[in-house]
Structures are given as structure tokens and as C-alpha cells.
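Work through the exercises below with the sequence and the coordinates open. Each task is followed by a solution in steps.

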Amino acid sequence: MNEDMTPERAAGGPHPGAQPGRPLADEVHDTLLRQLMSSRFVPDSRVTIDALARELGVSQTPIRAALNRMEADGLVVRVPHAGYRIPPLITRERFDDMLELRLLLEPAAARRAAERATSAQVNELRRLLEEMAGLEEGDGPSAYGTFGLRDAAFHDLVACSAGNQLVREALARLHTHVHLFRLVYDTQVTYLAMSEHDEILAAIAARDPDQAAYAMRQHILLSGDRFRPLFDDALLTTAP
């Protein structure tokens with residue numbers, strides 16, 4: 001970690017859209033996720049509660065709560081008597097498995113969302129995309145990490161709108177966006193995803209189940225195309 005980071009810079013600045021009265025542990029959790037997705041933490045590096053508390057300018061209690069939650073989600077690893085460790089990046093096999101499961105679940109969820117989403121949910125999806133469009137214009141790792149959080153929130157709300165809690169929970173456990181955004185810090189990822197998100201929302205708002213499922217499937221396939229070369233490059237660089 002950068003020792004010259006002020007608490008505000010370490011936290012990535014104010015959390016966009018933060019709700020007044022939101023638990024501090026939730027804010028810290030989101031801050032750490034943003035940092036994880038923006039390459040703030042190096043794979044296999046150590047993370048200590050005391051250091052994070054100093055950098056973020058908070059007590060150890062919300063740091064501990066956030067890290068415990070991330071450990072339960074498999075996003076950090078507890079090291080006995082040594083704090084926590086950032087896990088390695090996902091493997092090519094894990095990436096392919098994740099993509100396959102998303103293709104099974106998310107187009108079906110988008111189809112149901114087009115049939116079942118309330119007007120309030122459609123408006124919330126639209127609001128999330130408007131926030132993401134603003135972040136797309138931003139610069140730096142913090143904006144990139146926050147875009148990843150909004151990306152995850154968008155997909156979660158589509159699943160929620162479908163009305164199947166088991167599907168939503170299954171997708172949430174993948175932590176797809178955390179793992180993918182950790183692979184590369186590239187604002188092109190955010191730019192290309194935006195038009196695909198727009199098509200998904202347009203189909204849901206138009207109550208067009210077939211188009212919603214198709215748009216979601218295309219988005220996942222194109223996302224796979226964007227990230228897959230990273231694994232191919234890694235194989236080439238490690239080949240004898």
C-alpha cells in the first residue's frame with residue numbers, strides 16, 4: 001500500500017450516491033471493493049487491519065467487519081497472526097466456468113425482468129446507468145472501481161427484478177464483477193459495456209422478454225471476448 005495516501009485518497013473520495021446514515025462498515029466494505037477492482041491491492045499482498053484503519057481514518061471495528069465479510073465471500077484470505085492476504089487473480093478455468101454459469105442464468109433473469117420488473121425497478125436501473133455514464137467520464141482507479149460496483153449493482157437489480165431469489169443469490173456468490181475488474185485496469189472496459197447495458201435496459205423497459213434475454217446474452221459473450229485475451233497473453237508469457 002502507498003504510505004503517503006491520505007484517508008480521503010485511500011478511500012477513493014466520497015462514495016457517489018452514499019445514503020445518509022448508512023453503516024460505516026458498509027461504506028468501508030464498498031471502499032475496499034473499489035480498491036480491489038482498481039488494482040489498488042496487488043495479488044498475494046498482505047493487508048493488515050491497523051494499516052487500513054490508519055489509511056482510511058476510521059477505527060479498526062468497521063475495517064474488521066468489512067474484511068470478515070470479504071473473507072466469507074472469498075475475496076480476501078485470513079492469515080493466522082498476520083492479518084489478511086489478497087488472493088491471486090482468477091484462473092482461466094474459473095473464468096470459463098463463471099462465463100458458462102452466467103450464460104445459463106442471466107439471460108433467463110433478463111427475460112423474467114422484462115416481464116416482471118416494476119416501474120420503480122426500471123427507474124432504478126436507469127439511474128444506475130446514468131451514474132455509470134458519469135463515472136465513464138471520470139479518470140483514475142477510483143472511478144474505475146466505482147464503475148465496477150455500479151456494474152455489479154445493475155446486474156443484481158436485473159436479477160432481483162426477475163423475482164427469483166435463488167438465481168439472484170447464485171449470481172451474487174460469483175462476485176463476477178470483482179474478479180473481472182481485478183484482471184485489468186482499462187477504462188475501455190467501461191466504455192464498451194455502457195452501450196450493452198443500454199440495450200438490456202431498453203428491452204426490459206419495453207417489456208420485450210426475447211430482446212432482453214438476447215441483449216444480456218450478447219453482453220456476457222462480448223465481456224468474455226474482452227477478458228479472454230488476458231489469459232491467452234499470460235499463457236504465452238509463461239510458456240517455455
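## Exercise 1: the nonpolar core

The largest nonpolar core has 62 residues, and the members touching the most others are Leu 32, Ile 63, Leu 67, Met 70, Val 158 and Ile 204. The model is predicted.

Task: Find which residues Met 70 is in contact with, leaving aside its neighbours within four places in sequence.

Solution.
1. Take heavy atoms within 4.5 Å as the contact criterion.
2. With sequence neighbours within four places left out, the contacts of Met 70 are His 29, Leu 32, Leu 33, Leu 36, Leu 75 and Val 76.
3. As background, nonpolar side chains in soluble globular proteins tend to be buried together.

## Exercise 2: a salt bridge in helix H3

Task: State how far apart the N and O atoms are in the salt bridge of Asp 50 and Arg 54, and place both residues in their helix.

Solution.
1. The side chains of Asp 50 and Arg 54 form a salt bridge with an N to O distance of 2.2 Å.
2. Both residues belong to helix H3 (residues 49–56); because they are 4 residues apart there, about one helical turn separates them.
3. Asp 50 has a relative accessible area of 38%, so it is partly exposed.
4. Arg 54 has 56%, which means that it is exposed, as the cut-off for exposed is over 50%.

## Exercise 3: a salt bridge in helix H5

Task: Determine the helix that holds Arg 112 and Glu 115, and classify each residue as buried, partly exposed or exposed.

Solution.
1. The closest N and O atoms of the Arg 112 and Glu 115 salt bridge are 3.1 Å apart.
2. Helix H5 (residues 92–116) contains both residues, 3 residues apart, or about one turn of the helix.
3. Arg 112, with a relative accessible area of 34%, is partly exposed.
4. Glu 115 is also partly exposed, at 45% relative accessibility.

## Exercise 4: a salt bridge between two helices

Task: Identify which helices are tied together by Asp 156 and Arg 168.

Solution.
1. Asp 156 and Arg 168 form a salt bridge whose closest N and O atoms are 2.8 Å apart.
2. Asp 156 lies in helix H7 (residues 141–162) and Arg 168 in helix H8 (residues 165–174), so the pair ties together parts 12 residues apart in sequence.
3. Asp 156 is partly exposed at 27% relative accessibility, and Arg 168 is partly exposed at 25%.

## Exercise 5: count and network

Task: Report how many salt bridges the structure holds, and name the residues linked in a network of salt bridges.

Solution.
1. The number of salt bridges in the structure is 15.
2. A network of salt bridges links Glu 124, Arg 127, Glu 131 and Arg 150.

Terms used:
Residues numbered from 1 in each chain as written. Predicted model: local features only at pLDDT ≥ 70, side-chain atom pairs only at ≥ 80, totals over all residues. Heavy atoms only, no water. Core = buried A, V, L, I, M, F, W, Y, C linked by side-chain atoms within 4.5 Å. Buried < 20%, exposed > 50% of the residue type's maximum accessible area, 1.4 Å probe, protein only. Salt bridge = Lys/Arg side-chain N within 4 Å of Asp/Glu carboxyl O.
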